[in-house]
Amino acid sequence: MKYGESSFDILYLLFAIISGVVILLRAKDRAGKRTAMLMGLAALILGCGDAFHLVPRVLNYFTDYDMTCALGVGKLVTSVTMTVFYVLMYYIWTSAFAGEKDSKTEAAVWCLTIVRVALCLFPQNDWIHNGNSMTWGILRNIPFVVLGAIICWLYFRTRTEDRILRLTWIFILLSFLFYIPVAVGAGAVPILGMLMLPKTICYILLIASFLKWTSPSEKALVK
């Protein structure tokens with residue numbers, strides 16, 4: 001178990017971070033530069049943010065050090081960077097499809113982001129002790145789920161406009177369906193943590209679509 005999970009986590013982090021760098025390097029030489037740069041930045045933030053939680057998790061399997069604080073703080077960092085990732089997903093959508101930002105949608109995205117991050121910073125989350133309060137797990141994830149629903153809906157609306165990004169909304173939807181039980185109930189039912197595996201696979205598929213979109217051989221729809 002520990003070897004399989006640890007190997008998967010390390011490979012995922014390497015894939016996300018390396019992909020982010022590759023996409024950013026590709027961005028300077030192609031049309032749709034802004035969209036490509038946002039994709040690369042999103043992949044990097046996702047990978048680097050998840051590293052704060054996954055690296056201590058891997059180390060916890062193979063060392064005798066108390067990783068409680070590192071795991072808790074890592075969850076906090078990951079919670080914030082995942083939120084930033086979905087903000088970037090909104091701007092990727094506006095750049096690739098909308099052309100112009102909708103001020104009301106943009107305001108909603110930022111309000112939900114601020115509320116989400118603020119709730120994550122409350123001491124009641126007890127990140128230092130890797131707390132697992134179900135109440136705060138629900139509270140801090142309400143604005144995050146609403147944010148995810150908005151982004152999912154936007155990509156659903158434009159699913160027929162780009163063959164490479166047409167499944168993005170499904171990856172987002174599934175990632176939340178796998179994430180919510182873990183965020184809310186993993187403290188009480190640890191086996192729910194296994195759902196993080198398919199959630200991570202959804203992120204891998206998202207990043208893979210970014211790689212394909214920015215591939216020199218592809219002519220993506222750009223506005």
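The exercises below examine helix packing, the largest pocket and two individual residues in a predicted model.

Residues are numbered from 1 along each chain as its sequence is written, and side-chain values use heavy atoms, with hydrogens and water left out. In this predicted model, local features need pLDDT of at least 70 and side-chain atom pairs count only at pLDDT 80 or more, whereas totals for chains, interfaces and linings use all residues.

**Exercise 1. Describe how α2 packs against α1 and α3.**

Step 1. Two packed helices are described by the angle between their axes and the distance between the axes. Axes are lines fitted to C-alpha atoms, for helices over the stretch in contact, and angles run from 0 to 180 degrees between N-to-C directions. Helices (H or I, at least four residues) and strands (E, at least two) are DSSP runs numbered from the N terminus.

Step 2. Helix α1 spans residues 2-27 and helix α2 residues 33-62; their axes come within 8 Å and cross at roughly 155°. α1 is therefore roughly antiparallel to α2. Angles over 145 degrees count as roughly antiparallel, under 35 as roughly parallel, 65 to 115 as roughly perpendicular and the rest as oblique.

Step 3. α1 and α2 cross in the left-handed sense: the near helix is turned anticlockwise from the far one by less than a right angle, clockwise being right-handed. This contact of α1 with α2 has 24 nonpolar, four polar and six charged residues. Here Ala, Val, Leu, Ile, Met, Phe, Trp, Tyr, Cys and Pro count as nonpolar, Asp, Glu, Lys and Arg as charged, and the others, Gly among them, as polar.

Step 4. For α2 and α3, the axes come within 9 Å and cross at roughly 165°, so these helices are roughly antiparallel to each other. Their crossing is left-handed, and the contact has 17 nonpolar, nine polar and four charged residues.

**Exercise 2. Determine which residues join α2 to α7, and in what geometry.**

Step 1. The axes of α2 and α7 lie 10 Å apart, at an angle of about 150°; the two helices are therefore roughly antiparallel.

Step 2. α2 passes α7 in a left-handed crossing. On the α2 side, Thr-35, Ala-36, Met-39, Ala-42, Ala-43 and Leu-46 meet Tyr-203, Ile-207, Phe-210 and Trp-213 of α7, where contact means heavy atoms within 4.5 Å. By class, the contact of α2 with α7 has nine nonpolar residues, one polar and no charged.

**Exercise 3. Characterise the largest pocket and its lining.**

Step 1. The largest pocket holds about 1000 Å³ of space.

Step 2. Its lining comprises 41 residues, and His-53, Arg-57, Val-182, Gly-193 and Met-196 lie nearest the centre. By class, the lining has 19 nonpolar, 15 polar and seven charged residues.

Step 3. At least two lining residues come from each of α1, α2, α3 (68-98), α5 (134-157), α6 and α7 (196-213). The most come from α2, with six residues.

**Exercise 4. Place Lys-75 and Trp-169 in their surroundings.**

Step 1. Lys-75 lies in helix α3. Beyond its neighbours within four places in sequence, Lys-75 is in contact with His-53, Trp-127, Asn-130, Gly-131 and Asn-132. His-53 is also among the residues nearest the centre of the largest pocket.

Step 2. Trp-169 belongs to helix α6 (residues 168-185). Leaving aside neighbours within four places in sequence, Trp-169 is in contact with Cys-152, Tyr-155, Phe-156 and Arg-159.

Step 3. The C-alpha atoms of Trp-169 and Phe-85 are separated by 14 Å, with their positions 84 residues apart along the chain.

Terms used. On a 1 Å grid over the protein atoms alone, a cavity is a set of points where a 1.4 Å probe fits but cannot get out, and a pocket is an open set with protein on both sides within 12 Å along at least five of seven lines; lining residues have an atom within 4 Å of a point. Grid points are joined across faces, edges and corners, and a volume is the space filled by probe spheres set on the points.
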